[in-house]
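Grab a pencil and work through a few short exercises on the structure shown here. Try each task before you read its solution.

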Amino acid sequence: MSVNVLIAEDEQNIAESLRFILEQAGCDVRHALDGEEALKEARISTPDVLILDVMLPSLNGFDVLKTVRSDSDLTDIAVLILTAKGQSHDRKTADALGADAFVTKPFSNSEIVTEVLRLGAKS
Amino acid sequence: MSSLNVVILAALGYAVVLFLVAFISDRSTRSGWLSSPLVYTLSISVYCTSWTFYGAVGSAARNGLEFATIYIGPTLVFLGFYSVLRKLLRIRRENNITSIADFISSRYGKSDLIAATVTIIAVFGAAPYIALQLKAITTSFQVIGGSSDTVGSAPITALWVAAGLALFTIIFGTRSIDANERHYGVVAAIAVEAIVKLVALIGVGLVAVYHVADGPQDIFNRIAETMPPPEEGFGVRWIGLILLSGTAVLCLPRQFQVTVVENDNERHLFTAAWLFPLYLFLMSLFILPIAAVGATTLPPGSNPDMFVLTMPLAAGRDDIALLAFLGGFSSATSMVIVSCIALSTMISNHIVMPLTLRRTAGLSVDGDVRGLLLKSRRIAICGILFVGFLYLEFGPQSAGLASIGLVAFLGVAQVLPALLGALFWPRANRRGAMLGLSVGFAIWTYTLLLPGLLADAKWWQQVAQVGPFGIEALRPDALFGLTSLDPLMHAFFWSISANVFFFVLGSLSRDLNPLEQLQSTLFVDAFRSGSEGGQRLVGRAASADTLFDLAQRVMGANQAYGIFRNYAQAHNQKAEFPVPDDAFINHLERRMASSVGAASARAMISRVAGGERISLDELVEIADETARLMEYSTRIEQKSREIEETASKLKSANERLVQIDAQKDEFLSQVSHELRTPMTSIRSFSEILAQNNRIDDDKSRYFMDIIHDESVRLTRLLDEILDIGAVERGDDFPVTLIDPMVALKRAVDACRGLAASANVTIIEEYTDQPTTTLANQDRLTQVFINIISNAIKYNDAVNPKIEIDTSVAAGTFHTSVSDNGSGISEHDATLIFDKFSRGSKPTNEKGAGLGLAISRTIARKFGGDVVLSPKSKTGAQFIITLPITSELHNQSNMEDALYTKPLTESI
Amino acid sequence: MTKLTPLRRLKDIAVIAPIFGFLLLIPPVIGLFATEATVFGAPLVLVYLFVIWLALILIAAILSQRLSKAERDDPK
């Protein structure tokens, strides 16, 4: 069974590269451009893995994560935090809010694929 | 009353007791109770003479509360003991001062002239005062002995009393000549007398309150009945009397003797500070009741000065009357004894000794100085008492006890300016002291002493009425037409004013000579310079033998040997006699000063050792030491204040640095974020291309385009980051006087291509007013381009239009760039000028978000600004303002603005 | 800043106290009490004078005791 992945990323090009590599790895990929859209999409498609950029318009990644963890319909989604800041306090915040994985931009494609498959297998 | 014999017997018996007390105390020198603070305090109460004992009641009967002023002054002086009295004690100890005359003279360059002047003033002031005591004793004898009508016996009584007092004083007051040896016998006798007079006065008071009157309530009624109306009596005279009595308790020779010279422990003063005022308070407590009862029960015309005796007599309490008599006797005798000791010391040291030295000028000191001193003191005691007796017999008869005492008070008060100057005014010198003393003394004599003495003389009455030689302005009771004051206050005002005036004037008229300078430092800085402080500065030379010869003549062989021997031992010298170096000679001079006074001691030493050489440099150093210490501490204070200031500046600078550092971190983190974003795409797509060879050409071309676009974006980003750094530092754009319209038109032209491709219409409306501003042409163009291109790029209207207007108002050139797009949300409006902010609308535009931040920074560098107009309803309106400058003159201000802008604002 | 030692403060009080006492006992202050009024039958000004006097003695006692102690405590 293929892993359902939702990408929340406002950078069009990054989203596109993610979609390409994950589809190649056999995932089912959806894409949202901002935080609110991501939540809406998550309720519809209930993905296995949510790749969440921190710097999102309208609702940032951490806000989305908080909502996901507090919503009983969404709480089972595995969340991978993607950030370009890569500071340690971002990692701490992510851990505290219940993120399952943390990847810093620029990432290596294989790293992302491995993480997503691992998280997808768990759920 | 019982017979006169009983009274005489009681008096003699009492005198014998006093002799015994004195005798025993003199034997047991330095035994416990004699050197207790209580005995010290009681000896100070020699202040309360028969004037207090008899005269205060008389004064109260005549003038109500006025008597209290005489005791309030001393109360205040002792309350302030720490500043004046303690310093007097310290200086006396350090300098072996023998009397108030010695004190003043020692301070003013060891001048024998000053010492003699003060002595003369003291003697003149004391004569009527001693006469007053004799008068009180004889009058009380007459009253209690019931022989007031036998006038003839009065002089005989007075003479007997005077002789007895002389004998006592000579026996116990002139045993030694050293000021460091206390008169224990005398002090003990006076302490006993102090208790007797207090007990006696309280005894009489109790009789008045409970025996004659019906308790306190009745007493108050009688007081209210007899006292002058309370509204009266609190005027100039009230103030003057408090000041005068405060002065007297410091300057009266006998007070100086018991308080300062006889003190052998500074700490006793701490007890006397409150115990002596308490003694005065208790002495005063029954004065008014006795006066009131006397005035209401005794026949009219009774002498109020004798109420203390006549009241208990009239009440039939002979025992209390006898006690009162002994109290009065005690008051009078203790005053006379101490006064005689103090005055005789002054006369022998400051008049007899200098005259002897002058007579033997040029030669060494001959003969037995010690013998001469003792003899002259004994003669002086007899002389003083005899003068007092003469004054009593031939002086004015009419005055009350209190008024005679006040004349004496004002006499010795002439010493006060020189005394206070000695303690607190470093510039005070001999000339000032001499002038002040003599002028004050002369005026006192003319305005107060002579009018009292010569009241009955016809020629004086003539002078008093029309002035000397008919000069009205010089009338003794209305000097220069001053008639509003009573005679005492009149004399007080003129003598003290002139005294102070001439003291200050004289002191300022010349500099201090070295010896004066040295003494001034030793006195004014008594608590700092220490005993040997200035002594090392005085240089003299003489052989030890010569010095010993001199010393043993002055102090006797035993004492002189002791001094030499002790000094040698104390300084670890093996020889019998110490090496006569400067330090020893100065030590010896001070020891001799305790016998003959500072002036004479110096004169004698100079005879054998030559005049002193005082090292001026070192002297100045000593004098300056205090000043230096104070300056030093001020400097330290200042330093520590500076350090505190620096610390707080550093703290705020540090806070700013921390803030800047945080901003820098934030900036770097943002830069990193902005750089990572394009790099993420580049890395990811290049990995895809590298790892998948099965991707079709279209796709791989598409991916490579993305990689290219992102690389361009990365480059632009780096350029912008470098640019904002340059703009913020302000380097590489010199400002000149330019026309902003030129820059604007260039910018519009540059944007026309962009507008055309985006189908945006540009509407221009420019003012034709020529303007200039101080700016950099290229940078200003950059600002305009940035704003206009933003307006084009972000315009999402169907028929996109932008409008560019310029106007001039209030010295400012306004450029407005507005569009008809959907505008900027309130939330974004607060953010768009921040770095790396791009607004929340997703766009295809890939700027780094630094453009507006850079534009605003540049505009602000030129003294203008870029703002988003809050007023615009549709679309966004940016306004660029620039100050209009027509001349280059305020360029420097501009530059200041450029370089002084805090860093915080610019990063 | 100069540290205000107890001795320093007491010294200042010792200078001010007599001046303060003087001002209380001279006109115009004492004049305020020089009226026909009486306290327990005694003229008001009489009571005022003696009460202030006693108070000054009390102050002298306290002051000298404190000064004596402060002098012992002060290293100088």
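What follows is a set of tasks, each with a worked solution.

Before you start: this is a predicted model, where local features need pLDDT of at least 70, side-chain atom pairs count only at pLDDT 80 or more, and totals for chains, interfaces and linings use all residues. Residues are numbered from 1 along each chain as its sequence is written, chains are lettered from A and ligands numbered from 1 in the order in which they are written, and side-chain values use heavy atoms, with hydrogens and water left out.

**Exercise 1. Work out the strand order of the open sheet in chain A, and find its edge strands.**

Step 1: Get the elements straight; helices (H or I, at least four residues) and strands (E, at least two) are DSSP runs, numbered from the N terminus. Two strands pair if DSSP finds at least two bridges between them.

Step 2: Walk across the sheet in chain A, and its five strands run E2-E1-E3-E4-E5, with parallel pairing.

Step 3: Look for strands that pair on one side only: these are E2 (28-32) and E5 (101-104) of chain A. From one strand to the next, the twist averages 20°; angles run from 0 to 180 degrees between N-to-C directions, with axes as lines fitted to C-alpha atoms, for helices over the stretch in contact.

Step 4: Zoom in on E1 (residues 4-8) of chain A, which shares five parallel bridges with E2(A). Across from Ala8(A) you'll find Ala32(A) in E2(A).

**Exercise 2. Describe how H2 (residues 37-44) and H13 (residues 268-285) of chain B cross.**

Step 1: Take the axes, which come within 9 Å and cross at roughly 50°.

Step 2: Name the geometry. H2(B) and H13(B) are oblique to each other, because angles under 35 degrees count as roughly parallel, over 145 as roughly antiparallel, 65 to 115 as roughly perpendicular and the rest as oblique.

Step 3: List some of the touching residues (contact means heavy atoms within 4.5 Å). The H2(B) side includes Pro37(B), Tyr40(B) and Ile44(B), while the H13(B) side includes His268(B), Phe276(B) and Tyr279(B).

**Exercise 3. Is Gly556(B) buried or exposed, and where does it sit?**

Step 1: Place Gly556(B) in the loop between H25 (544-555) and H26 (557-570) of chain B.

Step 2: Check its relative accessible area, which is 15%, so Gly556(B) is buried. The cut-offs: buried means under 20% relative accessible area, exposed over 50%, partly exposed in between (1.4 Å probe, protein chains only).

Step 3: Find its company. Leaving aside neighbours within four places in sequence, Gly556(B) touches Arg370(B) and Ala551(B). Val369(B) is 187 residues away in sequence, yet 8.7 Å away in space, C-alpha to C-alpha.

Step 4: For the wider picture, 55% of the 907 residues in chain B are buried.

**Exercise 4. Map the open sheet of chain B and the helices that pack on it.**

Step 1: Read off the order of its five strands, E4-E6-E7-E9-E8, with mixed pairing.

Step 2: Mark the edges. E4 (761-765) and E8 (865-868) of chain B each have a single partner strand, so one side of each lacks a neighbour in the sheet. Neighbouring strands are turned by 15° on average, direction ignored.

Step 3: Add H32 (residues 777-793) of chain B, which touches E6, E7 (812-819), E8 and E9 (877-883) and makes about 25° with the direction of E7(B).

Step 4: Add H34 (residues 851-861) of chain B, which touches E8 and E9 and makes about 135° with the direction of E8(B).
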